[in-house]
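Colleague: I have some questions about the terms used for this model. Can we go through them one by one?

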Amino acid sequence: MSEIRNDGAPASVRVLLAEDQGMVREALAALLGLEGDIDVVAQVGRGDEVVAAAVAHDVQVAVLDIEMPGMTGIEAAALLRRERPQTKVVIATTFGRPGYLRRAMESGADAFLVKDAPAAELAEAIRRVLRGERVIDPALAAAALAEGANPLTARERDVLAAAADGAVNADIARRLHLSEGTVRNYLSMAIQKTEARNRTEAVRIAREKGWL
């Protein structure tokens, strides 16, 4: 709930926006600024800047994109949940993928919306999460139920992500402190679970489904 100002009026909700596209971020800030009870007090363009900005500006709600440099919005949400659990997290993304929704909820996000929704829906989601509610795009929730759980384990995701840039097994093994045989096993399982023909196709399928 909003605090009360000294003059007796409700204080505006202090919001952080994390979005790597500057024009999108500024437009969203301007739209939310039209709401009388929402105040965008901080903006960042990198996921690894989220926690520091949330602490510095004492934000109540963080609105995070998923695809950002430094750290994804999902990773930032999990870190924010650990470091500043009182801050509510709203994921607002272009990528309405069921796998992303599941991972966002597992990270501790309080809401998940797609960016093509009206700004008024985002504003209402901000108010609702402050009331302790969880807000999820209904169409995406239905798709997530139909899709099923992410079949990849955390380690399989790590190895597959490391292979995404074309790295060979030896490089992946050094990066993740694994043996080359272990890397081969994880990649083989990931390829099998995604029903892909090779690691490149496995990466593509996992990304399309939001598993990676």
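**Cavity, pocket and helix packing**

Modeller: Let me start with the largest cavity, in what is a predicted model. Its lining consists of L17, A18, E19, L28, V63, L64, D65, A92 and K115. Two elements, β1 (13–18) and β3 (61–64), give two or more residues each to that lining.

Colleague: What makes this space a cavity?

Modeller: A cavity is a set of points where a 1.4 Å probe fits but cannot get out. The search of the whole structure finds one such cavity of 30 Å³ or more. The largest cavity has a volume of about 50 Å³.

Colleague: How does the lining of the largest cavity divide by class?

Modeller: Six residues are nonpolar, none is polar and three are charged. Asp, Glu, Lys and Arg count as charged, and the lining includes E19, D65 and K115.

Colleague: Why are α7 and α8 called oblique to each other?

Modeller: Helix α7 (residues 154–163) and helix α8 (residues 169–176) pack at about 125 degrees. Roughly perpendicular covers 65 to 115, and roughly antiparallel needs over 145. The angle fits neither class, so α7 and α8 are oblique. Their axes are 10 Å apart, and α7 passes α8 in a right-handed crossing.

Colleague: Which residues of α7 and α8 meet?

Modeller: From α7 come R155, D158, V159, A162 and A163; from α8 come I172, R175 and L176. Five residues of this contact are nonpolar, none is polar and three are charged.

Colleague: Why are α8 and α9 called roughly perpendicular?

Modeller: The axes of α8 and helix α9 (residues 180–193) cross at roughly 105 degrees. The class runs from 65 to 115, and the angle is therefore roughly perpendicular. These axes come within 8 Å. N169, A170, I172 and A173 of α8 make the contact with E180, V183, R184 and L187 of α9. By class, this contact has five nonpolar residues, one polar and two charged.

Colleague: What makes a space a pocket?

Modeller: A pocket is an open set of points, with protein on both sides within 12 Å along at least five of seven lines. The largest pocket has a volume of about 470 Å³. Its lining has 19 residues, and T72, E75, R103, A161 and L212 lie nearest its centre.

Colleague: Which element gives the largest share of the lining of the largest pocket?

Modeller: α7 does, with four residues. α3 (73–83), α4 (98–107) and α10 (199–208) each supply at least two. The lining of the largest pocket has 10 nonpolar, one polar and eight charged residues.

How values were computed. Residues are numbered from 1 along each chain as its sequence is written. This is a predicted model: local features need pLDDT of at least 70, side-chain atom pairs count only at pLDDT 80 or more; totals for chains, interfaces and linings use all residues. Side-chain values use heavy atoms; hydrogens and water are left out. On a 1 Å grid over the protein atoms alone, a cavity is a set of points where a 1.4 Å probe fits but cannot get out, and a pocket is an open set with protein on both sides within 12 Å along at least five of seven lines; lining residues have an atom within 4 Å of a point. Grid points are joined across faces, edges and corners, and a volume is the space filled by probe spheres set on the points. Axes are lines fitted to C-alpha atoms, for helices over the stretch in contact, and angles run from 0 to 180 degrees between N-to-C directions. Angles under 35 degrees count as roughly parallel, over 145 as roughly antiparallel, 65 to 115 as roughly perpendicular and the rest as oblique. A crossing is left-handed if the near helix is turned anticlockwise from the far one by less than a right angle, and right-handed if clockwise. Contact means heavy atoms within 4.5 Å.
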